[in-house]
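The exercises below ask you to read a protein model step by step, with a worked solution after each task. Please have the sequence and the coordinates open before you begin.

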Amino acid sequence: MTDILNSAIKIVRRAADLMVRDGFAIHDKGTVENIVTSSDVAVQHFLTKELGAILPGCGFLCEEEDFTDISHRYVWIIDPIDGTANYARGNVNCCISVALTENGKPALGIVYSPWRGELYTATAGSGAFCNGKPIHVSSRPFSEGILFTAMSTYRKEFARTCSDIIYDIYMESNDVRRTGSAAVELCMMAAGFAELYFEFRLMPWDYAAASLILTEAGGSIAGFDGNYPSLTSPSLIIAANSSDSCQRLLNTVHRHISALPY
């Protein structure tokens with residue numbers, strides 16, 4: 001897996017050259033909150049071509065253009081630009097997110113935020129790294145935790161429920177942050193900059209790579225049922241720097257909803 005990781009890192013770095021700030025087009029995908037740029041599409045096309053050459057016969061699950069082909073041993077899960085709204089505004093909190101699954105389980109994760117100067121990587125069982133240096137979650141307790149969260153931007157009918165859950169977590173923890181990129185936030189947790197995470201609904205490409213990086217850094221992540229989040233369908237996501245804090249987040253969620261409304 002090391003050779004695949006090293007080859008994929010080189011490809012992701014080259015793909016970042018396509019994230020130019022000037023001259024890109026912006027379109028919405030049904031709502032003004034959900035946008036895609038021509039850079040997203042260009043990066044995805046490049047990644048699928050080049051990553052496909054590393055593992056001939058592999059599958060893909062990608063954010064743009066309904067690119068889904070997951071009936072393979074190896075599947076690349078790609079978000080060409082996570083945090084597109086930030087990217088379109090010149091905000092540095094955006095990244096390329098690439099995961100590789102083997103038989104449905106996470107095997108490799110790369111999150112590259114070129115404007116932040118951060119390359120996060122992990123392979124299953126080998127630890128997590130930022131710019132080649134080992135990283136680990138913090139040891140802070142729940143009461144001192146910083147919460148990364150959001151208000152279900154693309155499905156605002158869930159905002160009230162999100163608000164109620166966030167309020168309960170906030171009252172028992174330190175403070176709340178929001179960068180606009182799930183992958184960036186989960187990687188920052190892996191590096192010890194925050195301790196808690198909650199989002200009501202995310203897609204696999206939002207968290208697939210970063211979830212492996214987080215768990216390899218000693219953190220915990222789960223979906224609504226407490227198991228590892230789905231890597232093929234939308235999921236509620238909770239994560240923390242410890243299994244106890246993750247369970248506490250899950251308990252808070254379950255106090256507000258008994259089942260997912262999607």
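**Exercise 1.** Does Leu231 count as buried or exposed? Work from its relative accessibility, and then place the residue in its surroundings.

*Solution.* Bear in mind from the start that this is a predicted model. The first step is the accessibility: Leu231 has a relative value of 10%, and the cut-off for a buried residue is under 20%, so Leu231 counts as buried. The second step is the location along the chain, where Leu231 belongs to the loop between β14 (220-222) and β15 (235-240). The third step is to list the contacts, leaving aside neighbours within four places in sequence: Leu231 is in contact with Leu61, Ile77, Thr101, Gly104, Pro106, Pro204, Tyr207 and Ala208. A last step compares sequence with space, since Leu231 and Ala99 are 132 residues apart in sequence, while their C-alpha atoms are 10.0 Å apart.

**Exercise 2.** Determine the strand order of the open sheet of eight strands, and state which strands lie at its edges.

*Solution.* Following the pairings across the open sheet gives the order β4-β3-β5-β6-β7-β8-β9-β10, and the pairing is mixed. The edge strands are β4 (68-69) and β10 (133-134), each of which pairs on one side only. The mixed character can be traced in the individual pairs: β3 (residues 59-62) and β5 (residues 74-82) run parallel and are joined by four bridges, whereas β5 and β6 run antiparallel and are joined by seven. To check the register, note that Leu61 stands opposite Ile77 in β5, and that Trp76 has Leu100 in β6 as its bridge partner. As for burial, nine of the nine residues of β5 are buried, so this strand is largely enclosed by the rest of the structure.

**Exercise 3.** Follow the chain from β6 through β7 to β8, and describe the turn in each of the two hairpins.

*Solution.* Begin with β6 and β7, which run antiparallel and are joined by seven bridges; within this pair, Ala99 stands opposite Gly109 in β7. The two strands form a hairpin with two residues between them, and Asn103 in the turn has a positive phi of about 55 degrees. Continue with β7 and β8, which are also antiparallel and are joined by six bridges, with Gly109 standing opposite Ala122 in β8. This second hairpin has four residues between its strands, and Gly117 in its turn has a positive phi of about 70 degrees. The shared strand, β7, is mostly covered, with seven of its nine residues buried.

**Exercise 4.** What is the accessibility of Pro134, and which residues does Pro134 contact beyond its neighbours in sequence?

*Solution.* Pro134 is found in strand β10, one of the edge strands of the sheet. Its relative accessible area is 65%, and because the cut-off for an exposed residue is over 50%, Pro134 is classed as exposed. Leaving aside neighbours within four places in sequence, Pro134 is in contact with Ala128 and Phe129. For a distance check, Pro134 and Met203 are 69 residues apart in sequence and 27 Å apart in space, C-alpha to C-alpha.

**Exercise 5.** Characterise the packing of helix α4 (residues 159-172) against helix α7 (residues 243-256), covering angle, handedness and contact residues.

*Solution.* The geometry comes first: the helices pack at an angle of about 140 degrees, with their axes 9 Å apart. Angles over 145 degrees would count as roughly antiparallel, and α4 and α7 are therefore oblique to each other. The crossing of α4 past α7 is right-handed. Turning to the residues, Asp164, Ile165, Asp168, Ile169 and Glu172 of α4 meet Arg248, Leu249, Thr252, Val253, Arg255 and His256 of α7. Sorted by class, this contact has four nonpolar, two polar and five charged residues.

**Exercise 6.** How many residues of helix α5 (residues 182-190) are buried, and what follows just after the helix?

*Solution.* Nine of the nine residues of α5 are buried, and the helix is mostly covered. Among them are Glu185, Cys187 and Met188. Just after α5, Gly192 takes a positive phi of about 95 degrees.

Terms used: Residues are numbered from 1 along each chain as its sequence is written. This is a predicted model: local features need pLDDT of at least 70, side-chain atom pairs count only at pLDDT 80 or more; totals for chains, interfaces and linings use all residues. Side-chain values use heavy atoms; hydrogens and water are left out. Axes are lines fitted to C-alpha atoms, for helices over the stretch in contact, and angles run from 0 to 180 degrees between N-to-C directions. Angles under 35 degrees count as roughly parallel, over 145 as roughly antiparallel, 65 to 115 as roughly perpendicular and the rest as oblique. A crossing is left-handed if the near helix is turned anticlockwise from the far one by less than a right angle, and right-handed if clockwise. Contact means heavy atoms within 4.5 Å. Ala, Val, Leu, Ile, Met, Phe, Trp, Tyr, Cys and Pro count as nonpolar, Asp, Glu, Lys and Arg as charged, and the others, Gly among them, as polar. Two strands pair if DSSP finds at least two bridges between them. Buried means under 20% relative accessible area, exposed over 50%, partly exposed in between (1.4 Å probe, protein chains only).
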